[in-house]
Amino acid sequence: VRFPEDLEDENTTFNPEYSHQVFGDDEVAFGYKGLKILLYYIAGNLSTLFRIEYASKVNEKFDCVEADDIESKIREIIPPGFCTNTDDFVSLLEKEVNFKPFGMLLHTYSVHNEEAGEDIIYQIYKADMTCPGFREYHERLQTFLMWFIETASFIDVDDERWNYFLVFEKYNKDGATLFATVGYMTVYNYYVYPDKTRPRVSQMLILPPFQGEGHGAQLLETVHRYYMSSPTVLDITAEDPSENYVKLRDFVLVKLCQDLLCFSPGKLMQGFSQEMVMEAQQKLKINKQHTRRVYEILRLRATDMGDAEQSRSYRLDVKRRLIGPYKKKQRELAKMRRCLRPEELTNQLNQIDLNMQHEQLEESFQQLVSEYRRVLERLAQA
């Protein structure tokens with residue numbers, strides 16, 4: 001909500017992707033007809049209005065069953081101090097002009113908005129719990145995780161090793177410049193013996209109204225650039241990354257790596273090298289596993305897949321990496337031959353069908369190439 005009229009505007013409304021973390025695996029709220037759970041957030045500081053509406057509700061006295069206590073379920077995830085009536089919320093909205101982003105400005109960029117017919121300015125900040133008011137703001141911000149990240153949990157904000165990176169949109173209201181929350185990322189700094197740290201991306205969320213506009217890529221690249229300048233950072237990883245996050249990371253890391261000398265077309269065609277691993281880690285804080293994916297994507301771009309020899313060489317190179325788990329199975333099988341009785345061995349052999357392995361390998365390769373092509377298409381448009 002930026003303006004009072006947004007409260008009635010369906011265009012500013014978005015629905016949760018998940019509600020099982022609040023309402024159980026069946027995502028059901030029992031005992032209501034026409035139930036609406038309404039959560040409104042002021043665009044910048046995320047002050048909250050919470051209301052429940054319904055046409056009718058079961059009555060314990062007459063129906064002998066009790067309706068779910070919706071309010072207590074929602075209160076478990078939204079912090080205290082929220083509004084319950086519209087007038088209080090609108091009076092807070094009038095003070096929004098005083099809200100300013102927290103922490104240190106790292107990056108400013110613009111995105112052209114077709115609808116508005118103009119470029120909109122966005123800024124990325126790095127904050128921590130020492131910023132006045134940030135703790136309370138973060139409590140409100142993290143409530144979105146429960147609705148949009150499948151296995152979300154709230155973090156221990158008293159641990160000083162957390163870093164917070166925030167994206168804001170600048171907009172005008174009655175001649176003043178205001179800021180709207182777009183999304184954020186939390187990063188935990190793990191200690192690596194003897195004197196390094198390994199920042200690990202924990203949570204990343206771009207709010208639904210802003211998705212598909214490139215903010216995730218801007219945020220991830222900005223975070224990489226922030227850590228790149230630190231001599232104590234070894235490399236950057238992610239905790240249990242989603243499929244969408246892996247696609248985003250592929251794009252950002254390829255964009256960062258493509259200008260390194262070790263990824264020139266001539267060197268790519270010679271195969272994956274230790275030089276690539278070293279340069280990507282030292283200059284861009286990228287680990288070996290991610291560097292290998294970057295190499296495969298950039299080598300695909302440098303390869304003429306219409307040329308039988310080049311195509312075969314690329315396919316073998318990628319499959320040599322993909323075959324790792326299958327080779328592990330073969331080693332396990334060799335152990336089984338020595339240890340198992342014949343009938344047990346037959347049972348295990350049935351599970352490890354070589355033809356099936358070859359089919360799975362080819363399927364994995366084709367799937368990977370189509371993913372890589374999407375990254376290259378996006379890169380060409382960037």
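Helices, taken as H or I runs of at least four residues, and strands, taken as E runs of at least two, are DSSP runs numbered from the N terminus. On this basis, the secondary structure of the protein chain comprises 15 helices and 10 strands. The model is predicted, and every value reported below is computed from it.

The C-alpha atoms of the protein chain occupy a box of roughly 70 × 55 × 45 Å along the principal axes. Of the 382 residues in the chain, 43% are buried. The accessible area of the protein chain is about 21,600 Å², and 47% of this area is supplied by carbon and sulfur atoms. When contacts between residues at least 6 apart in sequence are considered, 65% of them join residues at least 24 apart. The chain carries 47 positive and 60 negative charges, and the mean positions of the two sets are 10 Å apart.

A nonpolar patch is formed on the surface by V28, F30 and V65, which together have about 240 Å² of accessible area. Within this patch, V28 is located in the loop between α1 (20-23) and β1 (32-33). The relative accessibility of V28 is 46%; this value falls between the limits of 20% for buried and 50% for exposed residues, and V28 is therefore classed as partly exposed.

Side chains of opposite charge can pair when their charged atoms come close. In the present structure, 18 salt bridges are found. One of these pairs E53 with R51, with 3.3 Å between the closest N and O atoms. Both partners have intermediate accessibility: E53 counts as partly exposed at 34% relative accessibility, and R51 likewise counts as partly exposed at 24%.

A further salt bridge is formed between E279 and K283, the closest N and O atoms of which are 2.9 Å apart. The two residues lie in helix α10 (residues 274-284) and are separated by 4 residues, about one turn of the helix. Their surroundings are not equivalent in accessibility, since E279 counts as buried at 13% relative accessibility, whereas K283 is partly exposed at 46%.

The side chains of D317 and R292 also meet in a salt bridge, with an N to O distance of 3.6 Å. D317 belongs to helix α12 (residues 308-322) and R292 to helix α11 (residues 288-302), so this pair ties together parts that are 25 residues apart in sequence. Both D317 and R292 are buried. The pair is also part of a network in which R292, E296, R299, D317, R320 and R321 are joined by salt bridges that share partners.

Several features of the backbone were also examined. Most residues other than glycine have a negative phi, and most peptide bonds are trans. A cis peptide bond is present between Y193 and P194, with omega about 0°. P194 is placed in the loop between β8 (176-192) and β9 (196-206).

Positive phi values are found at D174 and K285, neither of which is a glycine. For D174 the angle is about 50°, and this residue is situated in the loop between β7 (162-173) and β8. D174 has a relative accessible area of 77% and is therefore exposed, the cut-off being over 50%. For K285 phi is about 60°, and this residue is found in the loop between α10 and α11. In contrast to the exposed D174, K285 counts as buried, because its relative accessibility is 6%.

Strand β9 contains S202. The relative accessible area of S202 is 19%, and because the buried class extends to values under 20%, this residue is assigned to it. With residues up to four places away in sequence excluded, S202 touches W162, T186, V187 and E239.

Key
Residues numbered from 1 in each chain as written. Predicted model: local features only at pLDDT ≥ 70, side-chain atom pairs only at ≥ 80, totals over all residues. Heavy atoms only, no water. Patch = residues over 30% accessible without salt bridge, like charges linked within 9 Å, V, L, I, M, F, W, Y side chains within 5 Å. Areas by Shrake-Rupley, 256 points an atom, 1.4 Å probe, with all protein chains shown as cover. Salt bridge = Lys/Arg side-chain N within 4 Å of Asp/Glu carboxyl O. Buried < 20%, exposed > 50% of the residue type's maximum accessible area, 1.4 Å probe, protein only. Contact = heavy atoms within 4.5 Å. Lys, Arg positive; Asp, Glu negative; His and termini not counted. Charge placed at Lys NZ, Arg CZ, Asp CG, Glu CD.
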